[in-house]
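Let's go through this one together, asking how each label is earned. Keep the picture open while you read.

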Amino acid sequence: MPRAKPPLSRREREVMDVLYRRGQATVAEVLEELAEPPTYSAVRSILRVLEEKGHIAHRETGPRYVYAPAVARDRARRAAIDHLVETFFDGSAEDALAALL
């Protein structure tokens, strides 16, 4: 079983949402879509951290980096749900479902 990726901060989740929505983006494009955006440098730092954690990858296009999720959204969603069920419901999908209802 692959090791779990480190958890994301609120701002990292926001950046991931942008990347999943767009499929790929530059720093400037991510910055445009964030509510209450931080500085350009802060977004670059967040993207670097996400890449170090294994959540995204980049490719160079001329002088810019274009970032994209390293894992398909469905796979990431499944891993997050599995983690939630294991952490808060001792692995019981039934207990998780009951809590949602």
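Q: Why is Glu33 called partly exposed?
A: First, bear in mind that this is a predicted model. Glu33 has 30% relative accessibility. Buried would need a value under 20% and exposed one over 50%, so Glu33 falls in between and counts as partly exposed.

Q: What makes Glu33 and Arg22 a salt bridge?
A: The closest N and O atoms of Glu33 and Arg22 are 2.7 Å apart. The cut-off is 4 Å, so the pair qualifies. This pair links distant parts of the chain, with Glu33 in helix α2 and Arg22 in helix α1, eleven residues apart.

Q: How do you know that Arg22 forms a salt bridge with Glu29?
A: Same kind of check: here the closest N and O atoms are 3.4 Å apart, and the limit is 4 Å. Arg22 has a relative accessible area of 35%, so it is partly exposed. Glu29, with 26%, is partly exposed too.

Q: Which residues are linked in a network of salt bridges?
A: That network is made of Arg21, Arg22, Glu29 and Glu33. Across the structure, the count comes to eight salt bridges.

Q: Why are Arg78 and Asp82 separated by about one helical turn?
A: Because they sit four residues apart in helix α4. Their side chains meet in a salt bridge, 3.2 Å from N to O. Arg78 has 53% relative accessibility, and the line for exposed is over 50%, so Arg78 counts as exposed. Asp82 is at 36%, so it counts as partly exposed.

Q: What makes Tyr65 and Tyr67 an aromatic pair, and why is it called edge-to-face?
A: The ring centres of Tyr65 and Tyr67 are 6.2 Å apart, and the rule asks for centres within 6.5 Å, so they pair. The planes are 65 degrees apart; over 60 counts as edge-to-face, so that's the name. The structure holds one aromatic pair.

Q: Is Tyr67 buried or exposed, and how do you know?
A: Tyr67 has 7% relative accessibility, and buried means under 20%, so Tyr67 counts as buried. Tyr65, at 35%, counts as partly exposed.

Q: What makes the nonpolar surface patch, and how do you know that Leu101 is exposed?
A: Leu97, Leu100 and Leu101 make a patch of about 420 Å². Leu101 has a relative accessible area of 85%, and exposed means over 50%, so the label fits. You'll find Leu101 in the segment after α5 (93–100).

Q: Which residues of the largest nonpolar core touch the most other members?
A: Of its 16 residues, those are Val15, Leu19, Val30, Leu47 and Ile56. Helices α1 (10–22), α2 (27–33) and α3 each supply at least two residues of this core. The largest share, five residues, comes from α1.

Q: In what order do the elements run from the N terminus?
A: They go α-α-α-β-β-α-α, which comes to five helices and two strands. Of the 101 residues, 24% count as buried.

Q: How confident is the predictor, and which elements have the lowest and highest mean pLDDT?
A: The protein averages a pLDDT of 89, and 95% of the residues score at least 70. Helix α4 (residues 73–89) has the lowest mean among the elements, 81, while helix α3 (residues 40–52) has the highest, 97. Where pLDDT is low, the predicted coordinates should not be read in detail.

Key. Residues numbered from 1 in each chain as written. Predicted model: local features only at pLDDT ≥ 70, side-chain atom pairs only at ≥ 80, totals over all residues. Heavy atoms only, no water. Phe/Tyr/Trp six-rings, centres within 6.5 Å; stacked < 30°, edge-to-face > 60°. Buried < 20%, exposed > 50% of the residue type's maximum accessible area, 1.4 Å probe, protein only. Patch = residues over 30% accessible without salt bridge, like charges linked within 9 Å, V, L, I, M, F, W, Y side chains within 5 Å. Areas by Shrake-Rupley, 256 points an atom, 1.4 Å probe, with all protein chains shown as cover. pLDDT = per-residue confidence, 0-100. Core = buried A, V, L, I, M, F, W, Y, C linked by side-chain atoms within 4.5 Å.
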